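Trainee: Hi, I have a new model open and I'd like to talk it through with you. Can we look at it together?

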Amino acid sequence: MSKEFTDLVPAHHASRVTDHGFFMSRAYELAQQAQAAGEVPVGAVVVKDGRIIAEGFNRPIGGNDPTAHAEIVAMRAAAQVVGSYRLLNTTLYVTLEPCAMCAGAMVHARIQNLVFGAADPRAGAAGSVFNIVQSAALNHRVQIEGGVLATECGALLREFFLARR
């Protein structure tokens, strides 16, 4: 993406933002965009040096692409920004615990930290069902922090699926 995301950082923050709530709030806004587009409401941002460098939201339905999860969309955009498929020293914020595909991609990209909102007890691969991002069998481990804005993120998903039934 050619757009600069540093404009998302409010003026009262110094050059580096370290507040998980700030970044998760942006991911939540992106999840709302996904919902408005008829997608499962999941949003993600990639942060490097305290700034959002890329973002994404779920697009598999609209894009006819089973890999277009919010995390993958955001990591693809971040790779373009940094000019490498290695996303060293980055943090990925996502509103829902990643699935196995996204967790595997994070390991391959060398994401340093994962911060997620709601846990996914059915398909979560960062501790709920699997823990791919910290598997000793793999050559990289991602640090995890879950539960950031979990109530809000979980409510958005529950409301979405209730409306679909």
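Trainee: Let me start with one residue: is Asp49 buried, partly exposed or exposed?

Mentor: Asp49 counts as partly exposed, because its relative accessibility is 45%. Buried means under 20% relative accessible area, exposed means over 50%, and partly exposed is in between, with a 1.4 Å probe and protein chains only. Before we go on, this is a predicted model, so local features need pLDDT of at least 70, side-chain atom pairs count only at pLDDT 80 or more, and totals for chains, interfaces and linings use all residues. Residues are numbered from 1 along each chain as its sequence is written, and side-chain values use heavy atoms, with hydrogens and water left out.

Trainee: Thanks! Where does Asp49 lie?

Mentor: You'll find Asp49 in the loop between strand E1 (43-48) and strand E2 (51-57). Its phi is positive, near 55 degrees, and Asp49 is a residue other than glycine.

Trainee: And what about Leu149, what is its phi?

Mentor: Leu149 is not a glycine, yet it has a positive phi of about 55 degrees. This residue sits in the loop between strand E5 (143-146) and helix H5 (150-164). Leu149 is partly exposed, at 27% relative accessible area.

Trainee: Zooming out, how many helices and strands does the protein have?

Mentor: There are 5 helices and 5 strands. Those are DSSP runs numbered from the N terminus: helices are H or I with at least four residues, and strands are E with at least two. Along the sequence the pattern reads α-β-β-α-α-β-α-β-β-α.

Trainee: What share of the residues is buried?

Mentor: Buried residues make up 45% of the 165 in the protein.

Trainee: New topic: how many disulfides are there?

Mentor: A search of the whole structure gives 0. A disulfide is a pair of cysteine sulfur atoms within 2.5 Å.

Trainee: Why is there no bond for Cys99?

Mentor: Because the closest cysteine sulfur, in Cys102, is 3.8 Å from the sulfur of Cys99, which is too far. Cys99 counts as buried, at 17% relative accessibility. Cys153 is buried as well, at 2%.

Trainee: Last one: which residues of H3 and H4 meet?

Mentor: Glu71, Ile72 and Met75 in H3 meet Met101, Cys102, Ala105, Met106 and Ala109 in H4. Here contact means heavy atoms within 4.5 Å.
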